[in-house]
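Could you walk me through this structure in my viewer? I am new to it, so please tell me what to select at each stop and what is there.

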Amino acid sequence: AQSLIITTVKQAGIDVFRPDGSLVQTVPIPTTSRFNNIDVVYNISVAGVPRDLAIVSDRGTDKVHIFRIDGNAASPLTEVTAANVPLVFGTTKKIRSKTTYGLTAWRNPATANAEVFVTQENSTTIAKLVLTDAGSNKVGYQKVASITLPSSFTLPNGTTWKPCFNPAH
């Protein structure tokens, strides 16, 4: 009864459904945002309380948004992203491309921390973020590592693998 299906609708925000297909909530997207991928981590301490969180990459702002999940609430997603979260890949606020793109997250059993791995658009760079308690029931993140993988390599069948690039950029 508490199960949810949380989906990005890209430039339209996030939709939340019940398993029967009924729409429970639509989270509108901020004006400059462009949501891409979303993942869920379970049992993360926020202000000392275990919470389930949905984390979404934002191609428009080069940031990550974090939502608290409450499967019992009429509107189960509440944004809890701290106001001062940093850019993931950029260094200025005027970002046009090479922003956050793919995203996956997990709860590291050794530390109980939520770790988020974000790919960079049109790049082979991956950033590792760790979610942090930002106080006042808000969640931030800190970039703790990044790696740039080879831009091409030879596959066992002799062909060359290259990443897919978005032709619009």
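Select strand 10 together with strand 11, residues 138-148: these two strands pair in the antiparallel sense, joined by ten bridges. Keep in mind as you look that this is a predicted model.

For one rung of this pairing, pick Asp133 and then look across to strand 11, where Val139 is its bridge partner. Now go to the hairpin that links strand 10 and strand 11. Two residues lie between the strands here, and Ser136 has a positive phi near 55°.

Next, keep strand 10 (residues 125-135) on screen and add strand 9, which covers residues 114-120. These two strands also run antiparallel, with five bridges between them. Click on Val116 to see one such link: its bridge partner in strand 10 is Leu129. The hairpin of strand 9 and strand 10 has four residues between the strands, and Asn122 is the residue to select there, with a positive phi near 55°.

For the last stop, turn to the aromatic side chains. How many aromatic pairs does the structure hold? There is one. Show Phe153 and Trp161 as sticks: their rings form a stacked pair, with 5.1 Å from centre to centre and 25° between the planes.

Are these two residues buried, exposed or partly exposed? Phe153 has 40% relative accessibility, so it counts as partly exposed. Trp161 is at 34% relative accessibility and therefore counts as partly exposed too. Switch on a surface around Phe153 and Trp161 to view this stacked pair in its setting.

Methods. Residues numbered from 1 in each chain as written. Predicted model: local features only at pLDDT ≥ 70, side-chain atom pairs only at ≥ 80, totals over all residues. Heavy atoms only, no water. Phe/Tyr/Trp six-rings, centres within 6.5 Å; stacked < 30°, edge-to-face > 60°. Buried < 20%, exposed > 50% of the residue type's maximum accessible area, 1.4 Å probe, protein only. Pairing = 2+ DSSP bridges.
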